[in-house]
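Morning, everyone. I have one model to walk through today. Let's put it on the screen.

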Amino acid sequence: MNEHNTGITARVAIVTGTGQGIGAAIAEPLHETTEEWTREIVTVERLGVLTVARHVLPHLRAAGAAGRRASLVVVSSDSAKAGSFGDAVSSAARAGALGMVRSVARENAVVPMMADAGCPGPTDTAMYRELADAQGLTGKVFSGMTRGIPARRLGTPEEVAATIHFLLSPGTAYITGQAISVSGGLTM
C-alpha cells in the first residue's frame, strides 16, 4: 500500500495459518516436535502476523487520525487462548499474536484505531474433514470431539466470517483489545 491507495486502508483483517500447522496434519506433543517445524510455525503464525500488522498500521493510524473508521482484526484460533493437544507450538505462536493485538489496541485506541482478534474453535471446513479423515478421526472419535463443545457441533465458516465482519463494523468503535471466541462455548 502507498499514500495513493487509501480506499482499503481503514479496515484490515489478518488471517494466521490455516488449521493446525498451516494445513499439515501434525499433532505431536511439544517434546516430539522438531526445531525446523517449530521455526516454520512461529514464522508464519507469529512473525507473519507481526510483519503484516507493522506494514498496515501506518495506513490504519492515518485513516483513524483523519476521522475514518480504522480497525485491525487478526483471525487467530481458540488454541491461542486455551491451548490444544498436540498443538503447543501453534498455540504459543498464536498466543503471541494475541499479545500483539492487545498491545496495538492500547497503543492506538486514542488515534482512534481499534485492534481485535477473532478466535475460531473447531470449524467444519473441507480441510478440517480431510485432515480428520487422514488421521482416522471419523465416526466415534469425530462425534466425541463435538460432544466436548457445549453447542454440540462444529462451527461454520459463515459464523467465523460473521464475527470478523462484526469486529470490522462501525458499531464496534468502542471495542478494542478483545479476542472473541467463535467456538460454541468450547472456551469462555
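**The E2–E3 pair and its surroundings**

Start with strands E2 and E3, the latter spanning residues 114-120: they run parallel, and 5 bridges join them. One residue pair to click on is Val 74, which stands opposite Ala 117 in E3. Bear in mind throughout that this is a predicted model.

How many of the residues in E2 are buried? The count is 5 of 5, so the strand is mostly covered, buried meaning under 20% relative accessible area. Look at the two faces of E2. On one side sit Ser 71, Val 73 and Val 75, all buried. On the other side sit Leu 72 and Val 74, also buried. Both faces are covered.

Now zoom out for a moment. The protein has 6 helices and 4 strands. From the N terminus, the order of elements is β-α-β-α-α-β-α-α-α-β. There are 188 residues, and 40% of them are buried. The exposed surface comes to about 10,000 Å², with carbon and sulfur atoms supplying 58% of it. Take the contacts between residues at least 6 apart in sequence: 78% of those join residues at least 24 apart.

Next, the cores. In soluble globular proteins, nonpolar side chains tend to be buried together. Here the largest nonpolar core holds 24 residues. Which members touch the most others? They are Leu 72 and Met 113. Strand E1 (11-15), H1, E2, H3 and E3 each put at least two residues into this core.

Stay on Leu 72. Set aside its neighbours within four places in sequence. Among its remaining contacts are Val 12 and Ile 14. Ala 53, Val 56 and Leu 60 are also on the list. So are Val 104, Met 113, Met 114, Ala 115 and Asp 116. Apart from the largest core lies another one, of 5 residues. Among its members are Val 73, Val 75, Ile 164 and Leu 167. Recall the two faces of E2: Leu 72 is on one side, and Val 73 and Val 75 are on the other.

Follow the chain out of E2. Ser 77 sits in the loop between strand E2 (71-75) and helix H2 (79-82). Is Ser 77 buried or exposed? Its relative accessible area is 10%, so Ser 77 counts as buried, the cut-off being under 20%. The side chain of Ser 77 has polar contacts with two other side chains: with Ser 79 at 3.0 Å, and with Arg 94 at 3.2 Å. Beyond residues up to four places away in sequence, Ser 77 touches Arg 94, Gly 118, Cys 119 and Pro 120.

That brings us to Arg 94 and the salt bridges. The whole structure has 3 of them. Arg 94 pairs with Glu 45, with the closest N and O atoms 3.1 Å apart. This pair links distant parts of the chain: Arg 94 is in helix H3 (residues 88-108), Glu 45 is in helix H1, and 49 residues separate them. Both Arg 94 and Glu 45 are buried.

Another salt bridge joins Glu 35 and Arg 39, at 3.2 Å between the closest N and O atoms. Both residues lie in helix H1 (residues 35-65), 4 residues apart, which is about one turn of the helix. Arg 39 is exposed, at 55% relative accessible area.

Then there is Arg 153 with Glu 159, whose side chains meet at 2.6 Å, N to O. Arg 153 is partly exposed, at 41%. Glu 159 is partly exposed too, at 28%.

Last item: backbone geometry. Most residues other than glycine have a negative phi, and most peptide bonds are trans. Two places deserve a look against that background.

Where is the cis peptide bond? It joins Val 111 and Pro 112, with omega about 5°. Pro 112 lies in the loop between H3 and E3.

The other place is Arg 152. Its phi is near 60°, a positive value in a residue other than glycine. Arg 152 is in the loop between helix H5 (140-147) and helix H6 (157-167). With 53% relative accessibility, Arg 152 counts as exposed.

That's the tour. Questions are welcome.

How values were computed:
Residues are numbered from 1 along each chain as its sequence is written. This is a predicted model: local features need pLDDT of at least 70, side-chain atom pairs count only at pLDDT 80 or more; totals for chains, interfaces and linings use all residues. Side-chain values use heavy atoms; hydrogens and water are left out. Buried means under 20% relative accessible area, exposed over 50%, partly exposed in between (1.4 Å probe, protein chains only). A polar contact is a pair of N or O atoms within 3.5 Å; within protein, one must be able to donate a hydrogen and the other to accept it, and residues adjacent in sequence count only if both atoms are side-chain atoms. Contact means heavy atoms within 4.5 Å. Accessible areas come from the Shrake-Rupley method with a 1.4 Å probe; for residues, only the protein chains shown count as cover. A salt bridge is a side-chain nitrogen of Lys or Arg within 4 Å of a carboxyl oxygen of Asp or Glu. Two strands pair if DSSP finds at least two bridges between them. A nonpolar core is a set of buried Ala, Val, Leu, Ile, Met, Phe, Trp, Tyr and Cys residues joined through side-chain atoms within 4.5 Å.
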